[in-house]
Every structure is written in structure tokens, then in C-alpha cells.
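The following account leads the reader through a protein model, taking its charged contacts, its interior space and its cysteines in turn.

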Amino acid sequence: MPAPCRFSAGMERFFYAMRTGSGRMRRRLWKAGMVIMLAVCPVMTARTAETPAETLVIGSSNGRKQSLSAAALLARSDAQWVTVQDGSYGGTRRYRAVSLAALLGKVTDDSGVLTATASDGFSADLPLQMIRAASQDASQPQPWLAVEDPQYPWPPLPGKKASAGPFYIIWSGAGAERVSSEYWPYRITHLAIRTAPLERWPQLALSPDAPARIKQGQKAFIAFCLPCHRLNGAGDGSVGPDLGKPMNPTAYFQRPALHRYIRDPASVRDWPGRQMPGFSAKTLPDEMIEAIIDYMAGL
């Protein structure tokens with residue numbers, strides 16, 4: 001018998017004894033009942049809190065918000081099966097998904113970003129121009145919002161306890177394998193159309209005459225580092241620490257060690273619960289890591 005059923009049956013017997021027992025027996029049962037309730041209720045509350053929300057909140061540029069359930073998204077007439085080469089799970093996977101461009105509808109200004117916020121604190125800014133270009137050119141990688149069906153849950157991600165659901169941005173078609181892993185956010189709870197990061201956080205900006213190499217480092221930092229970290233208070237990510245406060249890593253890491261740490265954190269320092277992944281040379285070439293370090297050192 002499931003635990004909730006056993007609990008209900010036990011409480012029925014308890015209240016029956018309360019009605020039929022003697023006065024002394026009732027007092028003892030009352031005390032026992034209070035102990036049981038205090039012990040069980042926190043457990044039930046904790047289990048409820050751990051249950052992932054199956055509702056996605058979408059915010060538009062005018063501040064309006066709408067909530068869409070997984071069931072409502074799966075019931076859309078344009079929902080379809082999409083097959084992708086999934087870097088998060090590894091290998092080929094098939095998802096029930098909705099076109100991200102269709103979901104967002106007409107966006108009057110595509111100079112901003114679509115911020116995807118995950119339940120673990122990850123926050124990715126996907127360029128709206130990239131999404132619009134895909135909707136106008138089928139030869140471009142196509143972005144989708146994959147929706148986990150509560151009746152058929154996805155398996156846990158490799159090395160993690162939870163799946164990529166309930167909502168996961170995936171990319172299909174030619175060139176999808178070249179889309180940055182930061183643009184494949186999973187466990188999404190909110191989507192919001194916003195202005196570009198440099199407009200939201202002036203502390204990330206460079207002087208107009210900054211060298212091209214440092215500007216490249218700025219762009220790479222925003223794409224690869226800002227989803228998990230903040231920099232001098234700028235950013236939404238909360239998976240890792242602020243990289244500017246109280247000290248910038250370039251102030252206490254020797255350059256070769258910092259380069260290696262960005263490439264493969266576990267090869268420099270590892271600990272239980274470490275979440276920072278490594279970056280392959282294909283995803284983040286050595287010269288780009290050097291540019292990121294130059295950008296951070298110049299702030």
C-alpha cells in the first residue's frame with residue numbers, strides 16, 4: 001500500500017479509538033496523534049516542495065506575463081516530435097516540442113535577448129536575432145522548447161538526480177551541433193524577452209577604443225560565463241560565485257592556472273558538489289579563453 005494510503009488508514013483507526021476510548025486513553029491518543037502529525041507534516045511538505053513545477057512563465061517586453069502548463073503546451077496544434085543530437089544527455093533523443101519562434105510570436109524589436117532561467121540558478125541569454133533568423137531560414141539551426149510529459153517523465157541527466165524537464169530548449173537541423181551548450185538550457189522555469197546584457201548592466205561595458213581581442217573576450221564571457229556567474233553584481237546567474245567580488249580571479253590565479261581552470265576545473269581543484277563543467281577546445285578555443293582572461297583583467 002502506498003505511504004499516503006497507509007497514513008490515511010492509520011488516521012481512520014486513530015480517530016475511531018478517540019471516539020470509543022476512555023478519558024485516559026483519549027488523552028494518550030491525543031498526545032500520540034500530535035507527535036505523528038508533527039513528524040509527518042514536514043516530510044509531506046518537503047516532498048511537495050521538491051516536486052518540479054510543470055508551469056512555464058513567459059514574460060514579454062511590455063512586462064506582461066503568461067503561465068503555460070506542460071499539458072497546454074503539449075496540446076498545441078503545432079507541437080511535434082523533434083529528433084536532436086543531445087549534448088546534455090549524449091546521443092540522439094526525440095522530444096515533443098514547440099517551435100520557440102512560434103511560442104514567442106511576433107517580436108517588434110529583436111535587438112534584445114530571450115532570457116531562460118532555470119530552477120538551479122542558471123540563466124542564459126539567447127539572442128532574439130538568432131531565433132528570428134532561424135524562423136526565416138530553414139537551413140539554420142532551429143530552436144525548440146521541449147516539454148516533458150508528466151505521464152512519461154524523462155530520465156535523469158547523466159550524473160544528476162533530476163531530468164532536463166519540465167522545459168528544455170533544444171536545437172535541430174544542420175549546424176545544431178555548433179550551437180553553444182549555454183544555449184541549450186534545461187530545467188527552465190521562466191522565459192523573458194529583455195534588453196541585451198550590456199544595456200542592463202553597464203559595469204560589463206568596455207571603452208569604445210578597447211582592443212578587438214578584449215571585445216571578443218567580453219562577448220565570450222557573456223555567452224559562457226554569465227549564465228552561471230555574476231561579475232561585480234552584473235548578471236542573473238547564481239550557480240557560481242560573483243567573479244568580481246570580493247576579488248577578481250585574475251588577481252589571485254596565475255594566468256596558466258586560470259586558463260586550465262576554465263578549460264577543466266577538476267584538473268585544478270575539485271570538491272563534492274562542484275557544478276562548473278569543463279569546455280572542450282572545439283567549444284571554447286584556447287585563444288578565446290585567453291581573451292576572456294584579458295577581458296576580466298581589464299575591468
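**Charged pairs, a cavity and two cysteines**

At 65% relative accessibility, Arg178 counts as exposed. The model in which this residue is placed is a predicted one. The side chain of Arg178 meets that of Glu177 in a salt bridge, with 3.5 Å from N to O. Glu177 is exposed as well, its relative accessible area being 53%. Both values lie over the 50% that marks an exposed residue.

This pair belongs to a structure that holds 10 salt bridges. Another of the pairs is formed by Asp78 and Arg76, whose side chains meet at 2.9 Å, N to O. Here the partners are partly exposed: Asp78 has a relative accessible area of 27%, and for Arg76 the value is 27%.

A further salt bridge links Arg274 to Asp270, the closest N and O atoms lying 2.6 Å apart. Arg274 is partly exposed, with a relative accessible area of 27%, while Asp270, at 49% relative accessibility, also counts as partly exposed. Elsewhere, salt bridges with shared partners join Asp125, Arg194, Arg200 and Asp236 into one network.

Two members of that network, Asp125 and Asp236, reappear when the interior space is considered, for both are among the residues lining the largest cavity. How many cavities of 30 Å³ or more does a search of the whole structure find? The search finds one, and the volume of the largest cavity is about 60 Å³. Along with the two aspartates, its lining comprises Ser123, Trp201, Ile222, Leu226, Pro227, Gly235 and Gly237. Sorted by class, the lining has four nonpolar, three polar and two charged residues. The charged class corresponds to Asp125 and Asp236, because Asp counts as charged; Trp201, Ile222, Leu226 and Pro227 count as nonpolar, and Ser123, Gly235 and Gly237 as polar.

The cysteines remain to be considered. A search of the whole structure finds zero disulfides. Cys225 is in no disulfide, and the nearest cysteine sulfur, that of Cys228, is 8.9 Å away. Cys225 is buried, with 12% relative accessibility. Cys228 likewise is in no disulfide, its nearest cysteine sulfur being that of Cys225. Why does the pair not count as a disulfide? A disulfide requires sulfur atoms within 2.5 Å, and these are 8.9 Å apart, so the pair does not qualify. Cys228 is also buried, its relative accessible area being 18%, a value under the 20% that marks a buried residue.

Key: Residues numbered from 1 in each chain as written. Predicted model: local features only at pLDDT ≥ 70, side-chain atom pairs only at ≥ 80, totals over all residues. Heavy atoms only, no water. Salt bridge = Lys/Arg side-chain N within 4 Å of Asp/Glu carboxyl O. Buried < 20%, exposed > 50% of the residue type's maximum accessible area, 1.4 Å probe, protein only. 1 Å grid on protein atoms, 1.4 Å probe; cavity = no way out; pocket = protein on both sides within 12 Å on 5 of 7 lines; lining within 4 Å. Points joined across faces, edges and corners; volume = space filled by probe spheres on them.
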